[in-house]
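Colleague: Could you walk me through one part of this model in some detail, please? I would like to see how one helix is placed among its neighbours, and then how that part fits into the rest of the chain.

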Amino acid sequence: MEPIRVWMALSRPPLSFYTTVSLPCSLVSFQVVLILEELLLPYEIKSIKFENIKKTPFIDLNPNGRVPAIEDPNTDLYDKSHVISYDTIKEKNHCNQWLHFQMSGQGPYFGQAGWFTVLHAEKLPSAISRYQDEVRRIHGVLDGWLQREGGQEWLVGDKITYADLAFATWNDRYDAILECAPEDKFRGFPHLQAWHERMIQRPSWKSAMDARARLMDEQGLTWTGMPKGVNSLAEYNAKIKADEEAAAAASAKG
């Protein structure tokens, strides 16, 4: 399997993947960082601006124009769902079952909840309520599974897998999505809380979040992924347009 060859081929170039640290992409991108840290694979981060993900050279790597995208010298993977499903675990079907639940359940619903709660220009109570309720439903499913047979530490088997790690980044922002205090974000879901705390205590989590904090600080971004001093997505889009027009004008003069 390709990742195993990468682990052993120490003279080969490291994995690199492209990421933008803008919300919501940064959370998804750092799912991949967590996996690479857990697998002890060498990697480097090539951070690009959000406004460039639909342009070359990035779309030469991922024609779908979505981040993260992996660039592996041994394979041609580009989509996140393939990046984090390297099947090194015998219970791969169960792992993939939970991974698909994350991609079809947690990812879309948490993303929409985050959009309508944090980024949407107009507060729409019905939309906020709908997606926040779905967030709670997803957590209920996870909590219910983790409490089976007196409680279990991981979703599949007796060790952490990519199935667990895929949920970690969104779950960590649960308080922002629900607009609640951080200490209350897992209220009513004790097994889910214990599971999440096990993951964020691992060295891989600290390494991934340190990398994220460093990149966001270097690029002058707030936790929402927008530049410091920009208070809404409309302002951000206006700034992107103004910067592009200024760059085009400067190029024309040159």
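Modeller: Happy to! A helix axis here is a line fitted to C-alpha atoms over the stretch in contact, and angles run from 0 to 180 degrees between N-to-C directions. Please keep in mind that this is a predicted model.

Let us take helix 9 as the part to look at. The axis of helix 9 (residues 190-200) comes within 7 Å of the axis of helix 6 (residues 125-146), and the two cross at roughly 85°. Angles of 65 to 115 degrees count as roughly perpendicular, and helix 6 and helix 9 are therefore roughly perpendicular to each other. On the helix 6 side, the residues that meet helix 9 are His-139, Leu-142, Asp-143 and Leu-146. Helix 9 brings Pro-190, His-191, Leu-192 and Trp-195 to this contact. Sorted by type, the residues where helix 6 and helix 9 meet are 5 nonpolar, 2 polar and 1 charged.

Which residues of helix 9 are buried? They are Leu-192, Trp-195, His-196 and Met-199. These residues cover an arc of only 95° around the axis, so they sit on the same side of helix 9. The spacing fits a general rule: an α-helix has 3.6 residues a turn, so residues three or four places apart point the same way. As for what lies over the buried residues of helix 9, the cover includes helix 6, helix 7 and helix 10.

Trp-195 deserves a paragraph of its own. Residues up to four places away in sequence aside, Trp-195 touches Leu-142 and Leu-146, and both of these leucines also belong to the helix 6 side of the crossing. The other contacts of Trp-195 are Glu-153, Trp-154, Leu-155, Asp-164, Phe-167 and Asn-171. The largest nonpolar core has 41 residues, and Trp-195 is one of the four that touch the most other members, along with Trp-98, Leu-142 and Leu-155. Two or more residues of this core come from each of helix 2 (25-39), helix 5 (92-119), helix 6, helix 7 (162-172), helix 8 (174-178), helix 9 and helix 10 (203-218).

Now for the loops around this part. Arg-202 lies in the loop between helix 9 and helix 10. With a relative accessibility of 26%, Arg-202 counts as partly exposed. Its contacts, leaving aside neighbours within four places in sequence, are Glu-38, Trp-154 and Ile-160. Trp-154 also appears among the contacts of Trp-195. Arg-202 and Leu-34 are 168 residues apart in sequence, while their C-alpha atoms are 9.7 Å apart in space.

On the other side of helix 9 in sequence, Glu-179 sits in the loop between helix 8 and helix 9. Glu-179 has a positive phi of about 55° although it is not a glycine. For context, most residues other than glycine have a negative phi. The relative accessibility of Glu-179 is 53%, so this residue counts as exposed. Leu-40, in the loop between helix 2 and strand 2 (43-47), likewise has a positive phi, of about 60°, and is not a glycine. Leu-40 has a relative accessibility of 74% and therefore counts as exposed.

Thr-161 gives another view of a loop, the one between helix 6 and helix 7. At 4% relative accessibility, Thr-161 counts as buried. Its C-alpha atom is separated by 9.7 Å from that of Glu-91, and the two residues are 70 apart along the chain.

Stepping back to the chain as a whole, there are 11 helices and 3 strands. In sequence order, they follow the pattern α-β-α-β-α-β-α-α-α-α-α-α-α-α. The chain has 254 residues, of which 44% count as buried. Among contacts with a separation of 6 or more, 67% are between residues 24 or more positions apart. A pair far apart along the chain can be picked out in helix 11 (residues 233-253), where Lys-241 is found: the C-alpha atoms of Lys-241 and Glu-51 are separated by 9.4 Å, with their positions 190 residues apart in sequence. Lys-241 itself, at 52% relative accessibility, counts as exposed.

Terms used:
Residues are numbered from 1 along each chain as its sequence is written. This is a predicted model: local features need pLDDT of at least 70, side-chain atom pairs count only at pLDDT 80 or more; totals for chains, interfaces and linings use all residues. Side-chain values use heavy atoms; hydrogens and water are left out. Helices (H or I, at least four residues) and strands (E, at least two) are DSSP runs, numbered from the N terminus. Angles under 35 degrees count as roughly parallel, over 145 as roughly antiparallel, 65 to 115 as roughly perpendicular and the rest as oblique. Contact means heavy atoms within 4.5 Å. Ala, Val, Leu, Ile, Met, Phe, Trp, Tyr, Cys and Pro count as nonpolar, Asp, Glu, Lys and Arg as charged, and the others, Gly among them, as polar. A nonpolar core is a set of buried Ala, Val, Leu, Ile, Met, Phe, Trp, Tyr and Cys residues joined through side-chain atoms within 4.5 Å. Buried means under 20% relative accessible area, exposed over 50%, partly exposed in between (1.4 Å probe, protein chains only). The arc is that of the directions from the helix axis to the C-beta atoms.
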